[in-house]
Protein chains: 2
Amino acid sequence: MTAPAPSFAQTMERLRAEVDAALDARMPAETEPPAVLHRAMRYSVFAGGKRVRPILCLLSAEAAGGDRRAALAPAMALELLHTYTLIHDDLPSMDNDGLRRGRPTAHRVFGEANAILSGDALLTLAFELLAEAPAPPPYPPGALPLELARAAGSRGVAGGQYEDLAAEAQPDVTPERLERIHRWKTASLIAAACRMGAIAAAGAPETVAALGAYGESVGLAFQIADDVLNAVSTPEQLGKAVGSDAERGKATYVALFGIEASRARARALVAEAIARLDGLPGPAEPLRELACFVVERER
Amino acid sequence: MTAPAPSFAQTMERLRAEVDAALDARMPAETEPPAVLHRAMRYSVFAGGKRVRPILCLLSAEAAGGDRRAALAPAMALELLHTYTLIHDDLPSMDNDGLRRGRPTAHRVFGEANAILSGDALLTLAFELLAEAPAPPPYPPGALPLELARAAGSRGVAGGQYEDLAAEAQPDVTPERLERIHRWKTASLIAAACRMGAIAAAGAPETVAALGAYGESVGLAFQIADDVLNAVSTPEQLGKAVGSDAERGKATYVALFGIEASRARARALVAEAIARLDGLPGPAEPLRELACFVVERER
C-alpha cells in the first residue's frame, strides 16, 4: 500500500518551507554588521509571502524532467529580487503603501533610506547567489542571471513600475498599454521563474520555451486576479488597504473592464497556460493546480 | 623613429573614451520605451564622470599581462553599478544632494520615483552585462559577478552607505568605524575593479590578490581625498556644494584628523598601493600614476 499523493496545499507548503529554510541559511544573520540593514532585509523577506515565484521555479525544474534541488539557487534569487521590488514599490515616492501582508512596510519600520538600501542589497544578493550557480550545458554559464536581469530591468519589472506610475497621471490608459504594464511588471518575472527552473534542470530549449509561455500567461492572470482582489476584498483578507487602486486612479483591469470581465480574462489566461504544459518530460500536475490557484486565491 | 609614449593624461582620456563608447553602444537608447527611464539612466551615466573604476579595471587587465579588451564588460558593469550608487546616495532620504558634477541630480530632473527606478535598472543592467561575460579558467564562470555583488552588497557599498548615514546621527565616530565605512562604501568597489580586471585577463591568483590590495589602498586614499576636497574646494571646482559634509555633521577624515593629517594619510596609502605593483607580469606604470592622481586631483 502506497501513501496517497500529497495534496496541492501540502506540496505548496513543503516547497515554501524548503525555500524559507534555504533563504534563512543563506542570508546574512541579523546580528552580523550592519545589523540594522540585515534586519531590514530579513523583515521584508520573511513577511509571510506565498513564495509563488520560487515555487514555480522548483516545479518547473521537475516538469522539465530534472531534480528541483538543481533549481534552489535561482528559486532563492527570484524571491530576493521580488522582495526588493515590493520594498521599492511601497516607498512614499512610489505607491506610498504603509501596510503589506498585514504588517507595516519596510520604510515605516526602518525609515526610507534603510528601506531603499535593504532593497538594493537584496537585489545585489540575488545576483550573488546566481553567480555561484552556473547553468548546466547546453546553456551558457551565465544563462540564469541573464534571464533574471532581463526580466527585472528597464524592459522588465523596473520598466513596468515606471509605466505603472506614469499611467496614474493619465486616466485614459488603453488596454494595450495596461497589458504592457502587466507583462513588464509581473509576467516577465513569473515567466523567468519558470524558464530558470527549466534551465537549471538542463531541460531542452523547447521545454524552457513552453514553461516560459506558461509563466507569461500565469503572470498576467496573477496580476488581473490582484486587481480584482484589490477591488473586492476586505482589508483583513488582503493584509493591506483595499480599494486603494481606484482611489489612486490607478490603471487596472477592473477599472477598464469591470470585475466579471476581468475574472473571465484571468480564467482564459489560465486555460492558455495549462495548454502549454502538455507533453513535458516531467510531472506537470502541480503547475496545473498552481495556475488555477492563482485566480481562485483570496489574498 | 618611434612615437613618444602617451602621457598619463592621454592614456586616461583614451580609456575614458573607450568606456564611454562601449556604454553608449550597450545601453538602451533614449527613444526606446520606457523612454523616460532610459533617458534617466543615460543622464546619470553620461554626466562627465572620470570613469576611475572602469579605467582601473582595464589597466589591471593589462598589468596582469592580458589584453584590456577582455575586461571591457566588467569595466562597463563597474561604472553602471557606481552610477546607481550615486543616484541613490543623492536621494532626499539619503544625502539629499541637489547637484552632482555641476548638474542637477537625477531626482531633481526626473522625480524621486524615476531616480530610484533608474538606479535599480542600472544595477540590474550591470549584472546583465556580467552574465554575458563568463570568467576565463582557472576562475569559475561566475567569478566576475561574484566579485561585484560582494563588493556592492550589504557588506560592501550598500552597507557602507547605511553606516555612513547611521554615523551622521552619532557625532563621536571612532577612527576604526570611519575606516570601516570607507572600506565598505568606497574601497571595496575599487578593489573589486582591480580584481575583476585581473580575473577577466586570466591573471594568476597572486596577481589578482596584489591588484586587489592595490585597489583597497587606492580606494581608501580616494575617499580621504574626497573628504579633503569637500572641505577645501570652491563649488566651481567640485561641481556641487562644498563644506556640505561638515554642515551635515558627517563623519570624515578631515573632521577627525584635520586637513594636513588627512592628506598625509592619503599619501601613505598611495605609497602602500604602489608597493603592491612590483613584479606584476604586465605594465603597471599607468596604475602608479593613477594612484598619485587620486590624491592630487582637484575635483
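1. In this predicted model, the two chains meet through the same surface, because 100% of the interface residues of chain A are also interface residues in chain B. The contact involves 41 residues of chain A and 41 residues of chain B.

2. On chain A, the side that touches chain B draws at least two residues from each of helix H2 (35-45), helix H6 (112-131), helix H7 (143-152) and helix H8 (157-168). Of the elements involved, H6(A) gives the most to that side, with 13 residues, and by class the side of chain A that touches chain B has 25 nonpolar, ten polar and six charged residues.

3. As to symmetry, a turn of 180° with a shift of 0.0 Å along the axis lays chain A on chain B with an RMSD of 0.0 Å, and the two copies are thus related as by a two-fold rotation axis. The residue of chain A that comes closest to the rotation axis is A:Pro141, whose C-alpha lies at 3.2 Å.

4. Within chain B, helix H3 (residues 52-63) has end C-alpha atoms 16 Å apart, which agrees with the 16 Å that its twelve residues should span at 1.5 Å a residue.

5. Is H3(B) enclosed or open to its surroundings? Twelve of its twelve residues are buried, so H3(B) is largely enclosed by the rest of the structure; the buried residues include B:Arg53 and B:Glu62 as well as B:Ile55 and B:Leu56. Among the elements that cover the buried residues of H3(B) are helix H1 (8-26), helix H4 (72-90), helix H9 (175-200), helix H10 (205-232) and helix H15 (285-296) of chain B.

6. Just after H3(B), the backbone at B:Gly65 takes a positive phi of about 90°.

Technical notes:
Residues are numbered from 1 along each chain as its sequence is written. Chains are lettered from A and ligands numbered from 1 in the order in which they are written. This is a predicted model: local features need pLDDT of at least 70, side-chain atom pairs count only at pLDDT 80 or more; totals for chains, interfaces and linings use all residues. Copies are superposed by least squares on the C-alpha atoms of residues with pLDDT of at least 70 in both. Two residues are in contact if their C-beta atoms, placed from the backbone, lie within 7 Å. Helices (H or I, at least four residues) and strands (E, at least two) are DSSP runs, numbered from the N terminus. Ala, Val, Leu, Ile, Met, Phe, Trp, Tyr, Cys and Pro count as nonpolar, Asp, Glu, Lys and Arg as charged, and the others, Gly among them, as polar. The expected span of a helix is 1.5 Å times one less than its number of residues. A residue is buried if 20 or more other C-beta atoms lie within 10 Å of its own, exposed if 12 or fewer, and partly exposed in between; C-beta atoms are placed from the backbone.
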